[in-house]
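Work through the exercises below with the sequence and the coordinates at hand. Each task is followed by a solution in steps.

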Amino acid sequence: MAAIQVSSLQKTFGRGKHQVRAVNHIDLTVEAGQVFGFLGPNGAGKSTTIRMILNLIRPTRGEIYIYGQSVQTAHDVLKARVGAMVDGAQFYPFLSGRANLEVVAKSGGVYRQKQVDSLLEQLGMTDRADRLMQDYSTGMKQRIGIAATLLGQPDLIILDEPTNGLDPKGIREIRQFIRDLVDIHGKTVFLSSHLLNEIEQICDRVAIVNHGEIVQQGAVADLLAGQVALRIETDQPQVAYQILSEHWQTQADEQPNWLTIQANRDDTPHILRNLMSADVSVYQVMTQRRTLEDYFLAVTDAEHNGELAHA
Amino acid sequence: MRNLLSAEWQKMTGHRWMIGFTVWIFPVGAVGVFATFILLLFLMPDSKDRLLNAPLVWTEQFMGPWVMFGGAGGGIFARSLPIVFCASVFAGEFSWGTWKNIAPRSQRLNLIFVKFVIAVAILVLALMITSVVAGLATFMLAGVSGQSLLPEMNAETLSVFMGDYASAVALGFVIIILIANYAAIASMLTRSVVGGAVAGMGIMIFEEFLLPILNLLARLLNTPDMIQLYRFTPTYNLKNATHWVQMGEPSNNQFYLELAQPDTLLFSVGLLIVWCVGSFLIVAWLFNRQDITT
């Protein structure tokens with residue numbers, strides 16, 4: 001059974017001239033037992049979608065199911081099976097980290113002091129648990145935020161920017177912690193982050209959202225399969241650009257006389273033939289594996305360019 | 001539900017500066033004022049007559065805190081503190097961005113109801129302590145100064161006092177519920193502590209001065225019946241019920257004489273219950289239908 005099933009989800013804010021469609025027809029399935037990455041530029045509709053999944057915002061249209069139960073009608077499914085951290089970790093600044101966890105646990109009817117203590121220990125916060133939240137660094141707040149999502153041992157954990165403010169060591173720890181939640185404890189993690197390197201390392205599947213719509217979704221390995229970029233060094237980069245951009249997405253490289261071409265390895269002979277027939281000399285050709293970041297930028301830029309072309 | 005109540009209590013009492021300056025200030029202030037008086041009586045025994053120039057009426061001292069929110073002048077000032085407290089309780093969650101943590105974990109109706117119950121309970125507790133402090137301090141003042149207490153303590157006085165005190169507590173309770181509801185409605189609409197406090201005060205002040213406004217409008221528009229609308233406001237019914245309880249007759253404020261007929265105690269009590277329940281339902285409805293975007 002899917003952990004999250006979203007169909008035809010729409011959200012419109014405002015009325016008349018001020019109407020803004022934040023989410024437009026999102027269909028999404030998150031299978032249980034995986035880390036699912038939810039990516040998109042700022043204002044793409046990620047947070048609005050997450051808030052609708054958590055019933056914080058009412059959808060204008062569409063259905064949301066958590067483990068087969070509609071969040072709009074079966075409210076207890078959220079209480080019983082979901083732990084979430086939205087928009088980073090936000091807590092009562094005048095309470096300690098421990099007290100904040102106690103309050104969240106009591107609010108959900110899942111308060112057990114042992115579990116609070118155990119989570120503080122797992123997240124490395126035991127020594128600092130009794131300090132006021134307002135004295136915490138962003139990274140410490142994030143750790144308390146992640147601990148809060150695990151109160152009551154939910155099956156589905158929704159994390160919005162969980163590694164914000166953490167140092168590299170902390171990021172690695174949290175990354176491993178999230179992976180263990182899925183691999184060892186059998187949880188499902190729905191993760192929204194702008195750190196694409198993180199997403200690539202941690203997620204099994206991703207969905208890329210832009211302008212309120214899902215533009216790509218699939219397994220990370222599938223999306224990146226065969227995705228390479230070619231870098232060439234030439235004596236006439238402008239001529240080469242004109243020739244290549246007719247067939248491939250081409251851009252000037254950071255280094256002078258270098259071009260980067262979004263193409264597969266199999267395209268290399270065609271590229272070279274095209275350039276040589278135009279009497280353009282090629283000094284070096286390098287293949288470069290595309291990262292999720294490259295893929296994300298290519299997908300969102302393509303959308304943007306498409307829009308400009310239509311305009 | 002017990003866990004929810006405990007969480008709310010932990011949050012409200014944990015916000016020490018806010019609760020200190022808006023709620024505990026009443027009992028602490030009472031202790032301070034009376035302690036100062038007693039100290040001055042010890043230090044300056046010759047100034048006794050100047051310090052205690054009014055009779056020590058213990059019944060009034062016990063009941064004072066319960067009726068202090070009801071008056072028009074000082075009452076409005078006194079009400080501003082619990083309004084700020086309630087605004088921080090209801091709007092604080094928006095300001096801190098914490099609704100996002102707790103709203104998916106519980107029914108919204110439960111969350112708002114529990115906030116309401118604990119906020120009212122804390123305010124009632126503060127008034128109760130203040131009342132006890134004020135009452136007991138009067139006995140101490142009498143002991144230190146040698147001044148006699150009024151009225152004389154006997155079974156009959158005590159019996160009358162118990163009835164009056166129960167009525168004062170009931171009215172104080174109703175005022176607190178209305179204050180909490182006004183602040184909650186304002187907080188739900190503005191989603192800000194400052195906005196909630198200012199708008200809550202605005203509603204209170206507007207209602208307090210509604211009678212002269214209606215009176216003026218009725219004369220200007222030549223519609224004398226317009227003034228009858230005032231009979232349905234909480235302020236009028238609170239004053240009318242208080243008068244009934246204390247004097248056994250309807251309010252005789254000169255403005256009220258322009259109303260059609262004196263209203264019964266049952267009418268005013270019924271109206272107050274409708275206001276208390278109705279305004280809470282408005283709060284619950286507003287919260288239940290709104291998108292939590294902060």
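The exercises cover two sheets, a hairpin, two helix pairs, the domains and the chain contact.

This is a predicted model, in which local features need pLDDT of at least 70 and side-chain atom pairs count only at pLDDT 80 or more, while totals for chains, interfaces and linings use all residues. Residues are numbered from 1 along each chain as its sequence is written, and chains are lettered from A and ligands numbered from 1 in the order in which they are written.

**Exercise 1. Lay out the four-stranded sheet of chain A and find its edges.**

Step 1. Helices (H or I, at least four residues) and strands (E, at least two) are DSSP runs, numbered from the N terminus. Two strands pair if DSSP finds at least two bridges between them.

Step 2. The order in this open sheet is β2-β1-β4-β5 (chain A), and the pairing is antiparallel. β2 (20–31) and β5 (69–70) of chain A have a single partner strand each, so one side of each is left without a neighbour in the sheet.

Step 3. Go through the pairs. β1(A) is joined to β2(A) by nine bridges, with A:Thr29 in β2(A) as the bridge partner of A:Gln5. Five bridges pair β1(A) with β4(A); here A:Ser7 has A:Glu63 as its bridge partner. Two bridges join β4 (residues 61–66) of chain A to β5(A), and A:Tyr65 is matched there with A:Ser70.

Step 4. Look at the turn between β1(A) and β2(A). The two strands form a hairpin with six residues between them, and A:Gly14 in the turn has a positive phi of about 80°.

**Exercise 2. Lay out the six-stranded sheet of chain A and place the helices that pack on it.**

Step 1. The strand order is β6-β7-β8-β3-β9-β10 (chain A), in an open sheet with mixed pairing. The edge strands are β6 (82–85) and β10 (213–219) of chain A. From one strand to the next the twist averages 15°.

Step 2. Take one pair in detail. β6(A) and β7 (residues 156–160) of chain A run parallel and share four bridges; A:Leu156 in β7(A) is the bridge partner of A:Val82.

Step 3. Add the helices. Angles run from 0 to 180 degrees between N-to-C directions, and axes are lines fitted to C-alpha atoms, for helices over the stretch in contact. Helix α5 (residues 138–149) of chain A lies across β6 and β7 of chain A and runs at about 165° to β6(A). Helix α6 (residues 168–183) of chain A touches β3 (35–39), β7 and β8 (188–192) of chain A, at about 145° to the direction of β8(A). Contact here requires C-beta atoms, placed from the backbone, within 7 Å.

**Exercise 3. Describe how α1(B) and α3(B) each cross α8(B).**

Step 1. Angles under 35 degrees count as roughly parallel, over 145 as roughly antiparallel, 65 to 115 as roughly perpendicular and the rest as oblique.

Step 2. The axes of α1(B) and α8 (residues 108–145) of chain B come within 9 Å and cross at roughly 55°. The two helices are therefore oblique to each other.

Step 3. The axes of α3 (residues 25–43) of chain B and α8(B) come within 8 Å, with a crossing of roughly 5°. That makes α3(B) roughly parallel to α8(B).

Step 4. Sort the residues. Ala, Val, Leu, Ile, Met, Phe, Trp, Tyr, Cys and Pro count as nonpolar, Asp, Glu, Lys and Arg as charged, and the others, Gly among them, as polar. The contact of α3(B) with α8(B) has 18 nonpolar, two polar and no charged residues. That of α1(B) with α8(B) has nine nonpolar, one polar and two charged; among the residues of α1(B) that take part are B:Leu4, B:Glu8 and B:Trp9.

**Exercise 4. Which domains does chain A have, and how many residues does each chain give to the contact?**

Step 1. The domain assignment, which is automatic or from a database, gives domain 1 (2–220) and domain 2 (228–289) of chain A. Their centres, taken over C-alpha atoms, are 42 Å apart.

Step 2. Chain A gives 29 residues to the contact and chain B gives 23. On the side of chain B that touches chain A, α1(B) gives the most, with seven residues. That side divides into seven nonpolar, eleven polar and five charged residues.

Terms used: Two residues are in contact if their C-beta atoms, placed from the backbone, lie within 7 Å.
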